Amino acid sequence: MTLRLGDIVAALAGEFDARLVGDPDVLVERLAPLESASAAELTFLSHPKYQGKLARSAAACVVVGPGAAAAAMQRGACIIVDDPYFYFARITQLWKREHAPSSASGGTALHPSAFIDPQARLAAGVVVGAFACIGARAVLDAGVQVGAHSVIGNDAHIGAETRLSARVTVADGCSLGERCIVHPGAVIGADGFGFAPHAGRWEKIEQLGAVRIGNDVEIGANTCIDRGALQDTVIEDGVKLDNLVQIGHNVRVGAHTAMAGCAGVAGSATIGAHCTVGGGAVVLGHLSLADHVHISAASVVTRSIHKPGHYTGLFPIDDNAQWEKNAATLKQLHALRERLKMLEQTTDKASGKTEEKS
Amino acid sequence: MTLRLGDIVAALAGEFDARLVGDPDVLVERLAPLESASAAELTFLSHPKYQGKLARSAAACVVVGPGAAAAAMQRGACIIVDDPYFYFARITQLWKREHAPSSASGGTALHPSAFIDPQARLAAGVVVGAFACIGARAVLDAGVQVGAHSVIGNDAHIGAETRLSARVTVADGCSLGERCIVHPGAVIGADGFGFAPHAGRWEKIEQLGAVRIGNDVEIGANTCIDRGALQDTVIEDGVKLDNLVQIGHNVRVGAHTAMAGCAGVAGSATIGAHCTVGGGAVVLGHLSLADHVHISAASVVTRSIHKPGHYTGLFPIDDNAQWEKNAATLKQLHALRERLKMLEQTTDKASGKTEEKS
Amino acid sequence: MTLRLGDIVAALAGEFDARLVGDPDVLVERLAPLESASAAELTFLSHPKYQGKLARSAAACVVVGPGAAAAAMQRGACIIVDDPYFYFARITQLWKREHAPSSASGGTALHPSAFIDPQARLAAGVVVGAFACIGARAVLDAGVQVGAHSVIGNDAHIGAETRLSARVTVADGCSLGERCIVHPGAVIGADGFGFAPHAGRWEKIEQLGAVRIGNDVEIGANTCIDRGALQDTVIEDGVKLDNLVQIGHNVRVGAHTAMAGCAGVAGSATIGAHCTVGGGAVVLGHLSLADHVHISAASVVTRSIHKPGHYTGLFPIDDNAQWEKNAATLKQLHALRERLKMLEQTTDKASGKTEEKS
């Protein structure tokens, strides 16, 4: 499985104005990181700060931005393009297209073991894997792929070219847009966590909403998106959710927001567009995040954030013995502040100052 | 799909003393939140503090408590009842019952593709979905529903009216009580995480216990409850676990305790009854929590808690630049306390005081 | 299901020099913890500090180390051995071997409902459960067990004696070594979370690497290990991952490292050998951890750690009212330090000192 350098550049010429410096007939066997790329591999320089590593790279060719062109040319073959990381993303897509064993020939391919309700409506080019279940009145648009063991509920709707991997659940009445990718084990449309406390017990509030997912959304393995209590949980276009993410009921996630692994968003929170939420971060319920808000990993959002920016709240890691001392002292922090204030007053009085301290 | 206001009140009259103010013939098309309810929708006022929103609501009817009755009647139709949130929960249940497409007719319905071991015992009214697997000697009581692709191990026992959604695993020998609900991807009875360290390796301790789950328990999507090492992991009646929750081996969760998404309880911890554990919170192993303990989201319980109450431990989120300054200073907190103490002694000596500071 | 004390000791005599004090004909019905063991149960004393509990134990027999031998003998029957916890681990394995209903007879047993691609290669003794899917060119070595509903992708390789439980996914091209155990819902080889930002959208970087897992690895329920972007994600020999753990793309986890439930490792991090990562802990991307590093539960590793040791970073839990005061003050911590510094300078000036404070 090899690609000619010249063919790579030609394949992307419609979208990019890239210049290949070097022999277009060189064959590339694999894509590889800059540090480890061999003479048969193509790589890229994502950021000028790594330019120092260029000279030592044995790669067949390096994709670089204009600022690194001189250094790259001195090393050997290179492709010069305005946004080398984006260009490299397109190369990975090209690579996958060329090399993936095309299990489906483009026509409809329904595995004989799959269970498809007679009332389901499957458009042209739909591929359904082994033991998949498609419920009554489910609608699968053109080019949808449903992996082995996936379960699509009654009245669900899957948009064109969306791919569900193996073992995905889309519950009754939920919908996905076009060109989405859903990884194994993801659960879309389980009941939200809603109970009314009554006489020391939890009385179930039936979850009557559904989940509506836009176009070009990617959903990671074992991630859960709950159905709404009364209205729908909404994931807008272009959202990317990593693995093991939890999205509570009635949440709205704005377009092109990305959330890393193990992040959680509690019920009825509204997250803006173009946000990022770091791994393991938690957004509490009923809060709002403005567009372009960035939450660091493992931080807990306890209040709405109305201003774009970068927000963090995590305890700095330390040697355990040091941590123990500081953590113990932290429990007296308010008292320490009071003592400091008193001391300042004593000292100020002694020196005749009267400034107010908080 | 509509319900008459008068019929709703009549349906719940056995349990509630509710008063409908307005035309019983009005038809309700949907349930909706107070803010967005249209003239065809029924809503509720969960808490008197939202009373200000009442006047602006276009809802067909609002369920309210006695305290909000006057304001509600001024607006239009309302149902007045002592616990409006609980009443509304019952309405959602009524709604679901009336509108859910009844896939099962009440008789036994075993999907022809399911694999049911000849030694399994299925009571009357059991429904088994496509590709489900029921192991040897498994016992499914009356009215149990097993979703598509669920796997029930050998010797497992599922109590009456319990519903397993699609893709649930109940491992060998585990049991659930009556009227439980288990959402997709949940794993009940995987091995606990038990190893004896030996010569730099981890030697597996076989997990010989099982999982015993009480009545009326709800278990979220992709939540895991491990089997015990020697004895059983126990989840008592009425416990509600959200999605992606981890319950370690030998844990006991007391009756009517609720745990939000991504919470984790390490092995051999004992959690009391009527507790709540917030999303992403962690309870370390071998600890005990008394009844009526409430743990905030993302807090880490590092010691047993013997007194009912509300406990929290999370780093407050802040603008990243501010956080960096405070987090860096936090690493010197113990040293700062020492400096403050010294300063106090200096000042006290200067002023002749002798009080002890910690 | 009982075992004779004498038979237990005999079965392990090849590996251990253990001494049984008491009647070898006593029959043991179960294994149990020290506190609750009845006269029909075998137990162990894992640590000398629990020696005080010995006298009160009603157990049929207690496994103890040499240091507790005298106290144990005074109580009754005991087995004295150098490493009682390791010895007990072996007893649990013996117990499981003797008592597990042997579903497989040792020969190949392929459930008739399983889908096995004609190009897959299954060695002798492979067991495949109901509705399992084995992809094209997949290789399953001798003694592999594939649980019900598991999906093994094209070109995947499963090493000898490895057991996949029900509902496991091993994606295309991924490999596991020998004697591994994978619990339900685990997803090995879903796409890593890789996107190039471009014009406000996320452009997918196809994940062209795979996952390579060594020998004797155990992987918990619903745990996810992502495939590499260009090269492989690697889990070395003897690693133990608990449930709901997230391993990002290109990560390398060193041999015999253990990670507790809900832990997460972001992309391209390298974790050394013999490390432990506590429950809910997060390791950020591109970091390195040396061998023998131990991270406390719920701590966030934000920088590489080059020195073996025990590291912690979590906010101490407190009564909520106390926490609120301290958390609020924490936001002024840097300012408090500045005020303290100023006060020290004032005081020093007054007393004529000139020492530098930070």
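Me: Two strands pair if DSSP finds at least two bridges between them, and strands are DSSP runs (E, at least two residues), just as helices are (H or I, at least four), numbered from the N terminus. With that settled, which residue stands opposite L31(A) in β5(A)?

Reply: Keep in mind that this is a predicted model: local features need pLDDT of at least 70, side-chain atom pairs count only at pLDDT 80 or more, and totals for chains, interfaces and linings use all residues. Residues are numbered from 1 along each chain as its sequence is written, while chains are lettered from A and ligands numbered from 1 in the order in which they are written. In chain A, β4 (residues 30-31) and β5 (residues 41-44) pair in the parallel sense over two bridges. Opposite L31(A) in β5(A) you find L42(A).

Me: And on the β6(A) side, what stands opposite L42(A)?

Reply: β5(A) is also joined to β6 (residues 61-64) of chain A, running parallel over three bridges. There, L42(A) faces C61(A).

Me: What kind of axis relates chain C to chain A?

Reply: A turn of 120° with a shift of 0.0 Å along the axis lays chain C on chain A at an RMSD of 0.0 Å (least squares on the C-alpha atoms of residues with pLDDT of at least 70 in both). That relation belongs to a three-fold axis.

Me: Which residue of chain C comes closest to the rotation axis, and which one in β40(C) is the bridge partner of T312(B)?

Reply: F315(C) comes closest to the axis, with its C-alpha at 3.5 Å. For the second part, β39 (residues 309-312) of chain B and β40(C) run antiparallel and are joined by two bridges. T312(B) has as its partner D318(C).

Me: How many nonpolar residues are on the side of chain C that touches chain B?

Reply: With contact meaning C-beta atoms, placed from the backbone, within 7 Å, 58 residues of chain C meet 61 residues of chain B. α3 (84-99), β40 (318-319), α4 (320-330) and α5 (333-351) of chain C each supply at least two residues of that side. Class by class (Ala, Val, Leu, Ile, Met, Phe, Trp, Tyr, Cys and Pro are nonpolar, Asp, Glu, Lys and Arg charged, the others, Gly among them, polar), it has ten charged, 18 polar and, as asked, nonpolar residues numbering 30.

Me: Flip to the side of chain C that touches chain A: how many charged residues are there?

Reply: Here 61 residues come from chain C and 58 from chain A. Elements that each supply at least two residues on the chain C side include β21 (187-190), β22 (195-198) and β39 (309-312). The largest share, six residues, is from α5(C). Sorted by class, that side has 29 nonpolar residues, 22 polar ones, and a charged count of ten.

Me: Which residue of β39(C) stands opposite D319(A)?

Reply: β40 (residues 318-319) of chain A pairs with β39(C) in the antiparallel sense over two bridges. D319(A) stands opposite Y311(C).

Me: Which strands stand at the edges of the sheet that runs from chain B into chain C?

Reply: Twelve strands form this open sheet with mixed pairing, going from β8(B) through β11(B), among others, to β39(B) and β40(C). Each edge strand has a single partner, so one side of each is left without a neighbour in the sheet; the two are β8 (109-110) of chain B and β40 of chain C.

Me: At roughly what angle do α5(A) and α5(B) cross?

Reply: Axes here are lines fitted to C-alpha atoms over the stretch in contact, with angles from 0 to 180 degrees between N-to-C directions. The axes of α5 (residues 333-351) in chains A and B come within 11 Å, and the crossing is at roughly 35°.

Me: Which residues of α5(B) make that contact?

Reply: α5(A) passes α5(B) in a left-handed crossing (near helix turned anticlockwise from the far one by less than a right angle; clockwise would be right-handed). α5(A) brings L336(A), R339(A), L340(A), L343(A), T346(A) and T347(A), and α5(B) brings R337(B), L340(B), L343(B), E344(B) and T347(B).

Me: Within the hairpin of β22(B) and β23(B), which residue takes a positive phi?

Reply: β22 (residues 195-198) and β23 (residues 201-204) of chain B run antiparallel over four bridges, and A196(B) stands opposite E203(B). The hairpin has two residues between the strands, and the positive phi, near 55°, belongs to A199(B).

Terms used
Two residues are in contact if their C-beta atoms, placed from the backbone, lie within 7 Å.
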